Amino acid sequence: MSWAVSPHAEEAPQTAAEPGTGSGSSRRARREESDGRRLLGLRLPVWFLLLSLAVQVGFALRLIWTRTAFSDEALYLFAGHDLVANWVHGVQLPSYATYFSGAPQLYPPIGAAADTIGGITAARLLGLACMMGATVLAYLAASRLYGRTAGALAALTFVVLTPTQFLSAFSTYDPMAVLLTALAGYLAIRAEGRWGWLAATGAVVALADGVKYASALWSPVVVALAVLCAMPRLRLGAALLRGVFVTAVAGALLGLGALAGGRQLRSGIESTTLSRHTGQDTVAFIMGESWDWVGPVLLLAVAGLVLLCVRGASWASRGIGAILLLAVVLAPANQARINLTVSLHKHVTFGAWFACLLAGFFLAWLLETGRGRRIWQPLVISAALAGTLAVGVPETDRLYLNGWADATEMVAAIRPHVDEQGLYLAENSPVPRYYLRHETDGTQWVSTWNYSYKDPKDKKNYSGAAAYEKAIAANKFNLVVLDNKTTKDLDAKIIAALQANKNYQQVADLPSNIKGLHYTIWLYKPAAKSG
């Protein structure tokens, strides 16, 4: 059922209507008439949704082919291939669960299946499909709450945001987690207290949290929506019972998943999410970045909540608006707590989806109040969306086109020098390991993030820079690739060790699209013995 203002809005008395606008009932009738207008058999808001999806596809295709895999993309896709090999052939697995921030058994194999079909491009198209699904769900959810026009504007608002543009061309588990979180939100709104829908809501919440553990930050938002959307039909106590039920279903499924995943999975949840290390980013910097990415939708959502209050909406409807607004500030607040911006540009997408529903309500109200009388409201809407887009595209380019180095030349340069026998040290090793997975085995690659070495001479175990220095002195690596930026201080010590060993020769120094980052490639070439 499509509501004119909100399923929880109290209709204003007819005597309170603005001069010349008619009663509340007539305004509702005009809105329903507008929503019902058709073009080629489809309602106008549906055409608007299709236009939004086309824009979303255009934004994504602009980026998908421009860069080689980001390190996280390469890591999860490679892990997915490993998991499939483990299931089919019993190949031994590394302990992915201990450091992945999502269950390795969920997204990675699906991403790897897409990768098998069409490489990184197909995997990113899978991410696009997930984000398009989230856009459709924004339309459906806002339509149920505030009418189809609000749904169409909510979808378009979601599409033009920087985080949406970025994730629509990305192949980590974030797009799938956003889709599942959006589906859980829609089901909670759709349920209106019905047990079957609520059971589905709890199951999807559990699946979203399993795909990406950070999704759990918005699980209370979904539960609150399930409670508030049940209140027009049920008393408070019965509605709260529905929230307990959704929580119980999700908790039970997550508990079973944690038990099935074993100690490694539980360790990964603890280290990547519950006890994540703190950073050194200031609160001001984190809030500034968040504002650049979701500030426009935050302002529109605030305006939507104010409008609900001014128009005398029910407490349940105001509660829904407050929850939708709260969702968008959860990621910035949580990462300000740990002074860390890592993945913030992805995490804000979850809350932005909820806020877009409220933003769509406000924009639809602007459009309705100006119908047939004024032109400034449509101009305001166009300016708001155009402004969001004007900020969003450069920010997306900064994150995507200038976010990581293109590795095409580097991979091509080292491909002739790798096989199934050597040991290879590579800064940001997931990328060459992913692209060269048919020529090498995953165990042959060592990164500059973590390495230990046992010296056969003194029988001591070394870690950190000493481990690399000892291994290079013992001619342990057949090839070394450094980018001279990611772990810059360690790189300097590794290069000094390579220069001190006459068996290593630098064979290439390749520039990149990132300032200060250039790939230096060293090969093990034993010096000829004299005499």
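Me: Which residues in H8 meet H10, and which residues in H10 do they meet?

Reply: In this predicted model, the H8 side is made up of Trp-195, Leu-198, Ala-199, Thr-201, Gly-202, Ala-203, Val-205, Ala-206, Asp-209 and Gly-210. Facing them in H10 are Leu-241, Arg-242, Phe-245, Val-246, Val-249, Ala-250, Leu-253 and Leu-254. The residues of this contact split into 13 nonpolar, three polar and two charged.

Me: What makes H8 oblique to H10?

Reply: Their packing angle is about 40°, and the axes are 8 Å apart. Under 35 degrees would count as roughly parallel, and 65 to 115 as roughly perpendicular. The angle falls in neither range, so H8 is oblique to H10.

Me: And the crossing of H8 and H10, is that left-handed or right-handed?

Reply: Right-handed.

Me: Now the second largest pocket. Which residues lie nearest its centre?

Reply: Asp-209, Lys-212, Tyr-213, Ala-214 and Ile-269, out of 35 lining residues. The pocket holds about 780 Å³ of space. Asp-209 turns up here as well as in the contact of H8 with H10.

Me: Which helices each supply at least two residues of that lining?

Reply: Helix H8 (195-211), helix H10 (236-274) and helix H12 (315-337). H10 gives the largest share, 11 residues.

Me: How do the residues of that lining divide into nonpolar, polar and charged, and what makes Tyr-213 one kind and Lys-212 another?

Reply: There are 21 nonpolar, 10 polar and four charged. Tyr counts as nonpolar and Lys as charged, so Tyr-213 goes with the nonpolar residues and Lys-212 with the charged ones.

Terms used:
Residues are numbered from 1 along each chain as its sequence is written. This is a predicted model: local features need pLDDT of at least 70, side-chain atom pairs count only at pLDDT 80 or more; totals for chains, interfaces and linings use all residues. Side-chain values use heavy atoms; hydrogens and water are left out. On a 1 Å grid over the protein atoms alone, a cavity is a set of points where a 1.4 Å probe fits but cannot get out, and a pocket is an open set with protein on both sides within 12 Å along at least five of seven lines; lining residues have an atom within 4 Å of a point. Grid points are joined across faces, edges and corners, and a volume is the space filled by probe spheres set on the points. Helices (H or I, at least four residues) and strands (E, at least two) are DSSP runs, numbered from the N terminus. Axes are lines fitted to C-alpha atoms, for helices over the stretch in contact, and angles run from 0 to 180 degrees between N-to-C directions. Angles under 35 degrees count as roughly parallel, over 145 as roughly antiparallel, 65 to 115 as roughly perpendicular and the rest as oblique. A crossing is left-handed if the near helix is turned anticlockwise from the far one by less than a right angle, and right-handed if clockwise. Contact means heavy atoms within 4.5 Å.
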